[in-house]
Amino acid sequence: MHRLALAPLLPGATLETVRGVLNEAFGSSGPGSGHHGEDGSDDSQGGESDLSGFLERHGLASFWYWMLEEKGLTREVPGEFLRALHRQRLVCAGNYMVQRHHLEKVRRLFDDAGIAHLLFKGGHVRERIYDESSLRDACDLDLLVAREDRGRAVALLGKHGYSLIEWPENVSHEVSLVGQNGVIDLHWDLLRPGRTRCPLASEFLAGRRDFGSHWGPDDSASLFLMLVHPVFTKYVTAPQSQLMRVLDLYWWLEKVAVDWDEVLRWLDRSGLRTAGWVTLRWLALFGQPRVPHEVWQRLRPGRLRSSWLGWWVAGDFSSRWVDHPWIVQGALTLMVHDRAADAWRALRMRRRVRQQAAREMAALAVMDRD
């Protein structure tokens, strides 16, 4: 199902590729089945609901609808399947319009207040690589500020209608604020403290660029985060790891001129080359990502770890053990730190930030109310 969902959307996908996928997905309900009326209705009861549900869960339904329209294949799929994709296309477009409104508002507020910030993760990636940005959904807007500016940022957003969600679990590096049907995740570090050898937010902010609609990280910093973030927050292949992030990486590598030396420097400074290799290993199960052989060699961990991690990803053990996160954390996320000292630092800092979480949450909540 993963391969069927991605194949028609990857760079270089041909009409023949798409028709092969449709035939495999729908069989007799697919191209040329004769089940479709002038209005696109059909009488088929095949696997289209399973596929449309899968595409929706993985953020790919809107892309599929666009792809079928672009290739003139809308009449070659079951009508109910097409309608399900169209509904998601409308939802994505509506969400995008709301989020653009919030993005413009927050940029104006932060720029006027002198708070250096940038948009990163999915909200930035879709603007950078997709001609039709509204195809790529995002559940929230991820904004990065300096740690010393977090209090001012929370207070400013609170003053303009955003309410702080009191969720201490992630307060070591981010909080969420909600207002006017929009959600803003305000970060002052890229990952939980201890995951990287040193905090990297200041370096991200120092290299920020103006993309017109928003401030964003430079391209090497963005790709670095795309490679490491899903390993820790989504366990690479777990159910919460949407395939649209795989699509993001394929198209980023296709459309953006990558400075691999700079990306590798980011990975070295963070101690997370292995995490980058794991993400690319996941990508390689669906095709040939545009990654030079030399980069594969420089990223690959030692023989034992690469065998273990490759086996873990290919077997989708993150999904099998999703209800026992401590197993996944021990078998995957600790293993992707480049050195034993890096893994030990992550464990030590995890305990420390948990002890401080309630106090930090209470301090930010006071700022939001003020």
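The legends below accompany an overview and several close-up views of a predicted model of one protein chain.

**Figure 1. Overview of the predicted protein chain, with its 17 helices and seven strands.** The C-alpha trace spans about 65 × 50 × 40 Å along its principal axes. The radius of gyration is 22 Å, which agrees with the value near 21 Å that a compact globule of 370 residues would have. Buried residues make up 54% of the 370 residues, and, among contacts between residues at least 6 apart in sequence, 74% join residues at least 24 apart. The chain exposes about 16900 Å², of which carbon and sulfur atoms supply 50%. The mean position of the 47 positive charges and that of the 47 negative charges are 8 Å apart.

**Figure 2. Close-up of the largest nonpolar core, centred for this view on Trp64.** This core has 85 residues, and Leu60, Trp64 and Leu68 touch the most other members. Helix α9 gives the most to the core, with nine residues. When residues up to four places away in sequence are not counted, Trp64 touches Leu4, Ala5, Pro8, Leu9, Val21, Leu22, Leu51, Leu55, Phe81 and Leu85. A second, separate core has 25 residues, among them Tyr162, Leu164, Leu177 and Met361. As general background, nonpolar side chains in soluble globular proteins tend to be buried together.

**Figure 3. Close-up of helix α6, residues 122–129, which is mostly covered.** Six of the eight residues in this helix are buried, namely Gly122, Gly123, His124, Val125, Arg126 and Ile129. The cover over these buried residues includes helix α5 (79–113), strands β1 (117–120), β2 (141–145) and β7 (215–216), and helices α9 (219–233) and α10 (244–255).

**Figure 4. Close-up of helix α12, residues 273–283, with Thr279 as the residue of interest.** Ten of the eleven residues of α12 are buried, so this helix is largely enclosed by the rest of the structure. The buried residues are Arg273, Thr274, Ala275, Gly276, Trp277, Val278, Thr279, Leu280, Trp282 and Leu283, and they pack against α1 (2–6), α9, α10, α11 (260–270), α13 (293–299) and α14 (303–314). Thr279 has a relative accessibility of 5% and therefore counts as buried, the cut-off being under 20%. Once its neighbours within four places in sequence are left aside, Thr279 is in contact with Met226, Leu227, Val231 and Leu249.

**Figure 5. Close-up of Arg273 in helix α12.** Although it is a residue counted among the positive charges, Arg273 is buried, with a relative accessible area of 17%. With residues up to four places away in sequence not counted, Arg273 touches Leu264, Leu267, Asp268, Arg298, Leu299 and Asp338. Asp219, by comparison, lies 54 residues from Arg273 in sequence, and the two are 17 Å apart in space, C-alpha to C-alpha.

**Figure 6. Close-up of Ser270 in helix α11.** Ser270 is buried, and its relative accessible area is 0%. Its contacts, not counting residues up to four places away in sequence, are with Arg195, Thr196, Arg197, Leu200, Phe224 and Arg345. For scale, Ser270 and Leu280 are ten residues apart in sequence and 17 Å apart in space, taken from C-alpha to C-alpha.

**Figure 7. Close-up of Trp260, which also lies in helix α11.** Trp260 has a relative accessible area of 11% and is buried. Leaving aside its neighbours within four places in sequence, Trp260 is in contact with Leu223, Leu253, Arg290, Val291, Pro292 and Val295. The C-alpha atom of Trp260 is separated by 20 Å from that of Pro11, a residue 249 places away along the chain.

Methods. Residues are numbered from 1 along each chain as its sequence is written. This is a predicted model: local features need pLDDT of at least 70, side-chain atom pairs count only at pLDDT 80 or more; totals for chains, interfaces and linings use all residues. Side-chain values use heavy atoms; hydrogens and water are left out. Buried means under 20% relative accessible area, exposed over 50%, partly exposed in between (1.4 Å probe, protein chains only). Helices (H or I, at least four residues) and strands (E, at least two) are DSSP runs, numbered from the N terminus. Contact means heavy atoms within 4.5 Å. The radius of gyration is taken over C-alpha atoms; the globule rule is 2.2 Å times the number of residues to the power 0.38. Accessible areas come from the Shrake-Rupley method with a 1.4 Å probe; for residues, only the protein chains shown count as cover. The place of a charge is taken as NZ of Lys, CZ of Arg, CG of Asp or CD of Glu. A nonpolar core is a set of buried Ala, Val, Leu, Ile, Met, Phe, Trp, Tyr and Cys residues joined through side-chain atoms within 4.5 Å.
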